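Trainee: I'd like to learn how to read a structure like this one. Could you walk me through it, feature by feature?

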Amino acid sequence: LDVNNNSPIFLKETYLEAVLEDVPIGTKVVEVKATDADTGENAEIEYIISKGTNGDFEINKLTGLVTVASKLDFDRRNTYNMEVLAIDHGEPALTGTTTLTVKVINTNDKLPNFVPATQKTEVMEDASIGTVIHTLVALDPDVNSSEALNFAATEPITALDKHGNEVSASDAFKEFFSVDKDTGKVIVANHLQRDLAAVIRIPVLVTDITAPTVQQGQGLLVVTIQDVNDSPPSFVPPWTVENPVYFLEIKEELPVGTIVGSYKAFDENSDIAGYAIWPESEYFSINRGIGIVQITKTIDYEQTKDLNFTIWAYDSGIPQLNVSALVKVKVINLNDHDPIFTKKSYNVSIDENSPNDTVLTQVRAVDKDAGEYGEVVYALTGEHSQNFYINPKTGEISVANSNFLDHEKVAECVLQVVAKDSAPANIRRTMSVPVYITINDLNDNPPKFTDQFYEAEVMENVRLNPPVPLIQLNATDLDSGLNGNIHYSIVSGNDNDVFLIGLDTGILYAHKSLQGLTKTFNLTVEARDGAGNGELYDRATVKVHVINVNDHKPIFVMPYLPNSTVEVLENAAAKDLIVLIVKATDKDPGENGRITYHLKVGDQIMQETNDFGIDEKNGELKLKRDLDREEKSSYALTLVARDYGSPKWFQEERHLTVLLVDENDNRPEFPGTVAANPYHFYVTENNEPDTLIGRVQALDRDEGKHAAVYYYILSGNKNSEFRLNKIEGNLYATKSFDRETKNEYNLVIIANNDPDFYASEEEVIKMTDLGVLEDKSVARVVITVKDLNDNKPYFQNPVYYAAVNSMASVNQFVVNVSAFDPDYGVNGLMH
């Protein structure tokens, strides 16, 4: 099989051809040819023009014949450079390229034409014969010289007179002008008559004399004969040359754009070209075409009562002439201004009770209108206007009814002052302004308490901070401001200043403690105006009853501890045996401090149970029957001590365990030796925790279980520096001590037979007050912390400065340095 390895090759690398511009479409230009050395389909060739045709040429793809595809035009395009491709049918297709250049040859085939088609010119009526008034302009694309063109005038030549009408009475105007055939110049041929014809329309021809056939273009020449201007325009009457004046009357304040007049001028020889106002007017403008005068700025009679402007009219002749007319304007006054007050509002004040004719203020309004239109008169309107008078001419406002001026009834009011001009009623203008009147208060009303007598009760323990209101007194003063500002004060009965009253509020408080002051205070309270400095006042009486308060709870003396145990010998547990005399105290006096004793079972308060009974008054706790230890050895009772306080009573409770035991008649006691009362123990500082410090020991002379002793620290161990073995009495350190921080500790230790004893800090304080700590079952322990040499000496100052004389002798004092060692004894001595 053949391989497509040869590109098509054109017989020529470049083709150059020429063609006339007027040849018909389809005309053959050239046939290009290419060959391909391959065989079969690989040698079959198609032709295309890839670029440069501009759509004016096409090629037969099989033969390579190039033909004209559209009308050619030398003046549009005279050269074509085309790229022609030869493409074989191989895979892939290969191509060959050649260039085809076609020159378009010009032919004389276009008509000449006038540029522009209608040409215009003007000539003065007095132009002399032979005057060239215009040169016709024509073009022909096919010729390069104006000598190839001839010009001529042709029929129908027509004309218009100076009024724009067709001329038909005479044809003489056709001979006014001639056209030079070679140059196209238009020449005056006869004397011009503008009265016959003012505008002449001449059809013209241009001919290409070099063309093989007749080639002509048509045009139109319009000639305007201008008048020779020798007389100026004139305005219509009543204007005259001798008195060139118009008179105009207009109302003031006419809106901008209002037409105030129309002025017309005429000219026998020509039309009026336009109108103007010169010098320019601030207030008027004129339509340049039709002479209508309009307002350009509003005219105010009060500023401009009369004015003038000059109108000029211009004709259309040559040279242009003009005429002027003076317009004298009289402005007619209108009532076009409102009276205007000098202030938007007036604010005045006057004391209450001021007499009639007292002057408050003077208002003033200005009306810019002239004459009676600008004369202003005043009047009052409004709800309270009848109580005041205004001078209609001066605007001065004064009091007409002094009884109205009562601040407590009317503190302020508003008047409306109306200003109106003196024009007739149908065109009168008015304006109003408010006058705000403040009626000043005078101190003419005393304060008044709502009640002359007040009564209050207060508990003696009333809270002082923040204070509790006891009662509020209220006084009123009809005056206002400072005159009605009431301050309250206690003027008598306030012994030791125990009460305080709110200066502004009238609220009564307890100022100092009322404890123990259970009596009635009779206070006199004063309400004074002027913030307490006025002349007017009122007084009221306040009775304050101080009531005793039940503010103390009963305190048990026996049994003292919240949980106590009492032992009853089994052989003595017979009916009516006094087990215990319950005792409690209450610091309140009277009924608040009266105590009764009870038993509590569940939530019930009672005086006796099946086994026990308690006397309400003396507190004797007795057996209700004989008790048997073998039947029951322990009884749990809740004792209640209750006061009779009012309005609230208090009660305290104690839990008492009654044990039926063999006789135990001895308490643990510490030895009364010098070594044991108090105990002196020592511990060296920087010790290890849990170091044994010492041992306390008490003796119980009972036998058996009644001889078991337990030890407890009551006080001195606030920070838990020590731990006491409650069974053995061994005292241990719980931390490492520093003698320089604290060198001695004091403990109070109690010994008893209770293995679960506990006393709170408050209970220890009460035990101290009752003297319990002086019992032999209580021991005091002093622990002294011994010193170790664990601190270095240090100088009090890090640097010492001194000066010494160069002549100083040996051993002469220079400076004293000092050091300190926090250790004790020999450990703190320094050398």
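Mentor: Sure. Keep in mind that this is a predicted model. Let's start with a hairpin: strand S34 (residues 388–390) pairs with S35 in the antiparallel sense, over 3 bridges.

Trainee: Which residue of S35 stands opposite Ile390?

Mentor: Ile397 does. Now look at the turn itself: 5 residues sit between the two strands of this hairpin, and Gly395 takes a positive phi near 80°.

Trainee: What else does S35 pair with, and how many bridges join it to strand S31?

Mentor: S31 covers residues 359–362 and S35 covers residues 396–399; 3 bridges join them, and the two run antiparallel. To find your place, look for Val359, which stands opposite Ser398 in S35.

Trainee: Okay, now a whole sheet. How do I read the strand order, and where do the side chains go?

Mentor: The general idea first: in a regular strand the side chains alternate between the two faces of the sheet. For the order, you go across the sheet from one edge to the other. Here is a case: an open sheet of 5 strands, ordered S48-S56-S55-S51-S52, with mixed pairing.

Trainee: Which strands stand at the edges?

Mentor: Strand S48 (563–569) and strand S52 (604–606) do; each has a single partner strand, so one side of each is left without a neighbour in the sheet. As for the twist, neighbouring strands of this sheet are turned by 40° against each other on average, direction ignored.

Trainee: How is S52 held to strand S51?

Mentor: By 3 bridges, with S51 (residues 595–601) and S52 running antiparallel. In one of the pairs, Lys600 has Ile605 of S52 as its bridge partner.

Trainee: Next, pockets. How does anyone find them?

Mentor: Rolling a probe the size of a water molecule over the atoms shows where empty space is left. In this model the largest pocket has a volume of about 1400 Å³. Its lining counts 40 residues, and those nearest its centre are Thr565, Arg667, Asn752, Asn753 and Asp754.

Trainee: Which elements give two or more residues to that lining?

Mentor: Strand S47 (555–558), S48, strand S49 (578–581), strand S56 (651–661) and strand S62 (744–752). S48 gives the most, with 5 residues. You met S48 a moment ago as an edge strand of the open sheet.

Trainee: And what is the lining of the largest pocket like by class?

Mentor: It has 22 nonpolar, 10 polar and 8 charged residues.

Trainee: How much space lies in the second largest pocket?

Mentor: About 390 Å³. It is lined by 16 residues, with Ile713, Leu714, Ser715, Ala759 and Val764 closest to its centre. Strand S59 (710–715) and helix H1 (761–769) each supply at least two lining residues, and S59 gives the most, with 5. By class, this lining has 9 nonpolar, 4 polar and 3 charged residues.

Trainee: Last one: how do I read a single residue? Take Leu577: where does it lie?

Mentor: Check its place, its exposure and its contacts. Leu577 lies in the loop between S48 and S49. Its relative accessible area is 26%, so Leu577 counts as partly exposed, since buried would mean under 20%.

Trainee: Which residues does Leu577 touch?

Mentor: Leaving out residues up to four places away in sequence, Leu577 touches Val568, Ala572, Leu621, Lys622 and Leu623. For a sense of scale, the C-alpha atoms of Leu577 and Tyr246 are separated by 149 Å, and these two residues are 331 residues apart along the chain.

Note on methods: Residues are numbered from 1 along each chain as its sequence is written. This is a predicted model: local features need pLDDT of at least 70, side-chain atom pairs count only at pLDDT 80 or more; totals for chains, interfaces and linings use all residues. Side-chain values use heavy atoms; hydrogens and water are left out. Two strands pair if DSSP finds at least two bridges between them. Helices (H or I, at least four residues) and strands (E, at least two) are DSSP runs, numbered from the N terminus. Axes are lines fitted to C-alpha atoms, for helices over the stretch in contact, and angles run from 0 to 180 degrees between N-to-C directions. On a 1 Å grid over the protein atoms alone, a cavity is a set of points where a 1.4 Å probe fits but cannot get out, and a pocket is an open set with protein on both sides within 12 Å along at least five of seven lines; lining residues have an atom within 4 Å of a point. Grid points are joined across faces, edges and corners, and a volume is the space filled by probe spheres set on the points. Ala, Val, Leu, Ile, Met, Phe, Trp, Tyr, Cys and Pro count as nonpolar, Asp, Glu, Lys and Arg as charged, and the others, Gly among them, as polar. Buried means under 20% relative accessible area, exposed over 50%, partly exposed in between (1.4 Å probe, protein chains only). Contact means heavy atoms within 4.5 Å.
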